[in-house]
Amino acid sequence: MIKLNTILLIDDDFTTNYLHKKIISKSEIDSSIEVANNGKEGIEKLWALNESINDKNSLVLIFLDLNMPIMDGWGFLEIFEEIKPKLNFNTNLFILSSSINPDDESRAKNNCQVLDYFPKTLTVDRLVKLKANYI
């Protein structure tokens with residue numbers, strides 16, 4: 001049985017990350033929360049989690065922003081595709097973006113690593129639905 005271990009928020013906006021942490025705690029999802037400020041830090045966090053989680057029954061839920069400095073969400077997805085088979089845990093990845101470009105949503109939904117695309121911000125209702133469907 002898969003058990004949620006960690007939620008990884010990858011977003012360069014401090015306020016958004018703070019708000020998402022509060023929303024996650026209100027949704028009664030019991031897991032640790034990690035934050036990365038860009039895609040490069042997101043990859044580094046995954047490798048760090050890979051050292052501490054060695055359980056294929058564990059799940060890391062990833063919420064990824066697209067527009068970030070240093071490494072954007074698209075760059076993250078390219079590297080994530082390469083490293084995913086090497087991770088010691090399962091992942092479910094969702095895009096959370098403020099992009100109004102319909103091409104971004106289409107491109108994200110066509111990426112096999114992405115389970116779904118949502119506009120920012122997370123809501124308790126959305127988390128409850130994700131928990132029911134993916135956790």
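Q: What share of the contacts in the chain with a separation of 6 or more comes from residues 24 or more positions apart?
A: It's 73%. A contact here takes heavy atoms within 4.5 Å. Keep in mind that this is a predicted model.

Q: What makes the radius of gyration of the chain agree with that of a compact globule?
A: Put the two values side by side. For 135 residues, the globule rule gives a radius near 14 Å, and the chain has 14 Å, so the two agree. As for the box, the C-alpha atoms fill roughly 35 × 35 × 25 Å along the principal axes.

Q: How much of the chain is buried, and how much area does it expose?
A: Buried residues are 46% of the 135. The exposed area is about 7,200 Å², with 49% of it supplied by carbon and sulfur atoms.

Q: In what order do the elements of the chain run?
A: Starting at the N terminus, they go β-α-β-α-β-α-β-α-β-α. That fits the tally of five helices and five strands.

Q: How many positive and negative side chains are there, and how far apart are the centres of the two sets?
A: There are 15 positive and 20 negative side chains, and the centres of the two sets are 5 Å apart.

Q: What makes Phe 76 and Phe 80 an aromatic pair, and which kind of pair is it?
A: Two numbers settle this one, in line with how ring pairs are described in general: by the distance of the centres and the angle of the planes. Rings pair if their centres lie within 6.5 Å, and planes under 30 degrees apart count as stacked. Phe 76 and Phe 80 come in at 5.6 Å and 15°, so they pair and the pair is stacked. Both sit in helix H3 (residues 73–83), four residues apart, about one turn of the helix. By this rule the count comes to three aromatic pairs, and ring pairs also link Phe 63, Phe 94 and Phe 118 into a cluster.

Q: How do you know whether Phe 76 is buried or exposed?
A: The cut-off for buried is under 20% relative accessible area. Phe 76 has 0%, so it counts as buried. Phe 80 also has a relative accessible area of 0%, and therefore it is buried.

Q: What about Leu 77: buried or exposed?
A: Leu 77, which is found in helix H3 too, has 2% relative accessibility, so it counts as buried. Leaving aside neighbours within four places in sequence, Leu 77 is in contact with Leu 64, Leu 93, Ile 95, Asn 111, Gln 113 and Val 114. Ile 43 is 34 residues from Leu 77 along the chain, with 9.5 Å between the C-alpha atoms.

Q: Is Ser 97 buried or exposed, and what does Ser 97 touch?
A: Ser 97 belongs to strand S4 (residues 90–97). Its relative accessibility is 2%, so the verdict is buried. Not counting residues up to four places away in sequence, Ser 97 touches Asp 65, Leu 66, Tyr 117, Phe 118, Pro 119 and Lys 120.

Q: Which peptide bond is cis, and what is omega there?
A: That's the bond joining Lys 120 and Thr 121, where omega is about 5°. Thr 121 is in the loop between strand S5 (114–119) and helix H5 (124–134).

Q: Is Glu 51 buried or exposed?
A: Exposed takes over 50% relative accessible area. Glu 51 has 70%, so it passes and is exposed. Glu 51 lies in helix H2 (residues 39–52), and Asn 88, 37 residues away in sequence, is 8.4 Å away C-alpha to C-alpha.

Q: What is the phi of Glu 28, and is Glu 28 buried or exposed?
A: Phi is positive, about 60°, although Glu 28 is not a glycine. The residue lies in the loop between helix H1 (14–26) and strand S2 (32–36). With 66% relative accessibility, Glu 28 clears the over 50% cut-off and so counts as exposed.

Q: What is the phi of Ile 70, and where does Ile 70 lie?
A: Ile 70 has a phi near 70°, a positive value in a residue other than glycine. Its place is the loop between strand S3 (58–64) and H3. At 70% relative accessibility, Ile 70 goes down as exposed.

Methods. Residues are numbered from 1 along each chain as its sequence is written. This is a predicted model: local features need pLDDT of at least 70, side-chain atom pairs count only at pLDDT 80 or more; totals for chains, interfaces and linings use all residues. Side-chain values use heavy atoms; hydrogens and water are left out. Helices (H or I, at least four residues) and strands (E, at least two) are DSSP runs, numbered from the N terminus. The radius of gyration is taken over C-alpha atoms; the globule rule is 2.2 Å times the number of residues to the power 0.38. Buried means under 20% relative accessible area, exposed over 50%, partly exposed in between (1.4 Å probe, protein chains only). Accessible areas come from the Shrake-Rupley method with a 1.4 Å probe; for residues, only the protein chains shown count as cover. Lys and Arg count as positive and Asp and Glu as negative; His and the chain ends are not counted. The place of a charge is taken as NZ of Lys, CZ of Arg, CG of Asp or CD of Glu. Rings of Phe, Tyr and Trp (its six-membered ring) pair if their centres lie within 6.5 Å; planes under 30 degrees apart count as stacked, over 60 as edge-to-face and the rest as tilted.
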